[in-house]
Amino acid sequence: MKKASGFFAILTAAALTAASLSGCGGGEGGAKAPAQAQDGSKDVKGDPGELNIYTWAEYVPRDVISRFEDETGIRVNYTNFEANEEMLAKLETSKGGDYDIIIASDYIIKVAADEGLVKELDKEKLPNFKNIDPVFQNFFYDPENTLTVPYGPGIPLLVYDPSVVTCQVTGYESLWDPSLKDSLALMDSERVVMGMALKAMGESFNTEDLDVIQAAGEKLMGLAPNVRVLSQNQTQDYLLSGEVGAAFLFTSQVALALSQNPDLQVVYPKEGLGFGVDAAFIPSQAPNSDNAHAFLNFILDGEIGAQVTQQTYYLCPNQASYEFLDEEFKKSLVISTDDIPNGEFIQDVGPEATALHGELWTKFKAALD
């Protein structure tokens with residue numbers, strides 16, 4: 001997030017409000033049918049066609065989508081999912097079809113790629129691929145940088161309101177303190193929250209030891225009395241409203257919370273940080289692959305990349321964007337790339353461990369009802 005003279009990838013609590021996100025994304029419930037000629041065919045002379053994006057709600061800014069449509073004539077259909085696992089199930093059912101661009105988390109992309117559901121990028125159609133900062137490349141889910149474009153790198157953090165929280169918050173283990181009963185908000189993310197319990201036990205996010213995973217699930221059940229909110233979207237709002245006193249939030253949500261209440265305290269868990277990258281990929285049987293490449297190249301433009309970053313509040317993976325980032329956006333740092341080597345990726349742990357994670361997560365969510 002700075003000019004090319006040095007790397008300045010940041011996440012910030014800038015003086016932007018959550019309202020900037022409320023207009024993002026298409027939020028449509030399903031893809032529109034492509035335009036048809038009078039004979040019923042899907043090819044209309046001169047019609048550039050459509051692009052079907054599948055990701056979380058409001059994750060691609062609405063003004064970015066509108067500008068892409070205006071500049072290319074391509075119609076964008078935006079459909080959202082609630083969880084990575086939901087996305088993968090849909091992708092498996094469609095055998096890599098239906099959607100043209102999917103933005104999802106690293107570990108689930110690795111699973112999809114291993115199943116042959118991810119298309120190799122045509123770099124000749126992506127002249128702006130060179131703008132990607134090398135810091136955000138060569139990760140486990142795409143070691144040769146042939147499948148994905150990094151979109152939203154970040155580190156989940158603990159945040160609490162010191163005016164209402166009486167216990168000392170130093171890490172994940174602090175969230176089990178009885179004083180936080182019915183006063184905790186968590187993101188609704190299976191592997192992230194299960195990973196938090198594993199880290200609190202001194203274990204890796206990615207252990208495949210079923211006994212250890214089972215113990216983490218049991219530990220997580222002990223946290224249930226403290227959890228008031230389990231939500232994937234706008235989880236920071238519960239902290240800002242005073243409904244909860246502490247929260248475990250995605251990086252973007254931390255920034256949004258601090259932008260509205262700078263008195264909130266951010267905690268880098270003593271047990272260790274997580275780190276993850278949401279990335280964009282083209283499914284193996286994407287119906288509009290050329291349009292997908294056009295969109296990826298579009299968001300890799302320096303100016304457009306800055307526009308995306310300043311509305312999603314994640315680290316900026318586009319080194320050509322740094323000079324376009326507003327100074328107000330740069331003022332207050334929450335994390336930087338110095339934190340990345342200390343963070344652990346969540347990765348695929350194989351079918352048995354994955355199934356157990358899912359079983360334990362279902363029980364935990366049921367205990368919150």
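1. In this predicted model, Asp-188 and Lys-365 form a salt bridge in which the closest N and O atoms are 3.2 Å apart. The two residues belong to distant parts of the chain, since Asp-188 lies in the loop between β7 and α5 (190-200) whereas Lys-365 lies in helix α12 (residues 350-368), and 177 residues separate them in sequence. Both ends of the pair are partly exposed: Asp-188 has a relative accessibility of 22%, and for Lys-365 the value is 31%.

2. The structure holds 13 salt bridges, and a second one deserving comment is that between Lys-219 and Glu-173, with the closest N and O atoms 3.2 Å apart. Lys-219 is part of helix α6 (residues 210-223) and Glu-173 sits in the loop between β6 and β7, so this salt bridge ties together parts of the chain that are 46 residues apart in sequence. Glu-173 counts as partly exposed, at 35% relative accessibility.

3. The loop between β6 and β7 also contributes Asp-182, whose partner Arg-228 lies in strand β8 (residues 227-230), 46 residues away in the sequence. Their side chains meet in a salt bridge of 2.6 Å, taken from N to O. Here too the partners are partly exposed, with a relative accessible area of 40% for Arg-228 and of 37% for Asp-182.

4. Beyond these pairs, Arg-67, Glu-71 and Glu-303 are joined into one network by salt bridges that share partners. As a general remark, side chains of opposite charge can pair when their charged atoms come close.

5. Asp-100 should be read against that background, for this residue is buried and yet has no salt bridge, the nearest side chain of opposite charge being that of Lys-119 at 9.8 Å. Asp-100 is placed in the loop between α3 (84-93) and β4 (101-105). What does the side chain of Asp-100 reach? The side chain reaches the backbone nitrogen of Asn-52 at 2.7 Å, and the backbone nitrogen of Asn-288, likewise at 2.7 Å. When residues up to four places away in sequence are left out, the residues that Asp-100 touches include Glu-50, Leu-51 and Asn-52, together with Phe-281, Ile-282, Pro-283, Ala-286, Pro-287, Asn-288, Ser-289 and Ala-292.

6. In helix α2 (residues 62-72), the residues Val-64, Ile-65 and Phe-68 are buried. These three are on the same side of α2, because the arc that they cover around the axis is only 100°. The elements that cover the buried residues of α2 include the strands β2 (50-55) and β3 (75-80), as well as the helices α9 (289-299) and α10 (302-312). Just after α2 comes Gly-73, which takes a positive phi of about 80°.

7. Strand β9 (residues 246-249) is covered on both faces, with Ala-246 and Phe-248 buried on one side and Ala-247 and Leu-249 buried on the other. With strand β6 (residues 157-160), β9 pairs in the antiparallel sense over 4 bridges, and in this pairing Leu-158 stands opposite Phe-248. With strand β7 (residues 184-186), β9 runs parallel, and 3 bridges join the two; Leu-186 is the residue of that pairing that stands opposite Phe-248. A reader checking Phe-248 in the model will therefore want to look at both Leu-158 and Leu-186.8. Two backbone angles merit a separate entry, given that most residues other than glycine have a negative phi. Lys-95, which is not a glycine, has a positive phi near 55°; this residue lies in the loop between α3 and β4 and is exposed, with a relative accessible area of 62%. Asn-138 is also a residue other than glycine with a positive phi, here of about 65°, and its place is in the loop between α4 (106-114) and β5 (148-154).

Notes
Residues are numbered from 1 along each chain as its sequence is written. This is a predicted model: local features need pLDDT of at least 70, side-chain atom pairs count only at pLDDT 80 or more; totals for chains, interfaces and linings use all residues. Side-chain values use heavy atoms; hydrogens and water are left out. Buried means under 20% relative accessible area, exposed over 50%, partly exposed in between (1.4 Å probe, protein chains only). Two strands pair if DSSP finds at least two bridges between them. Lys and Arg count as positive and Asp and Glu as negative; His and the chain ends are not counted. A salt bridge is a side-chain nitrogen of Lys or Arg within 4 Å of a carboxyl oxygen of Asp or Glu. A polar contact is a pair of N or O atoms within 3.5 Å; within protein, one must be able to donate a hydrogen and the other to accept it, and residues adjacent in sequence count only if both atoms are side-chain atoms. Contact means heavy atoms within 4.5 Å. The arc is that of the directions from the helix axis to the C-beta atoms.
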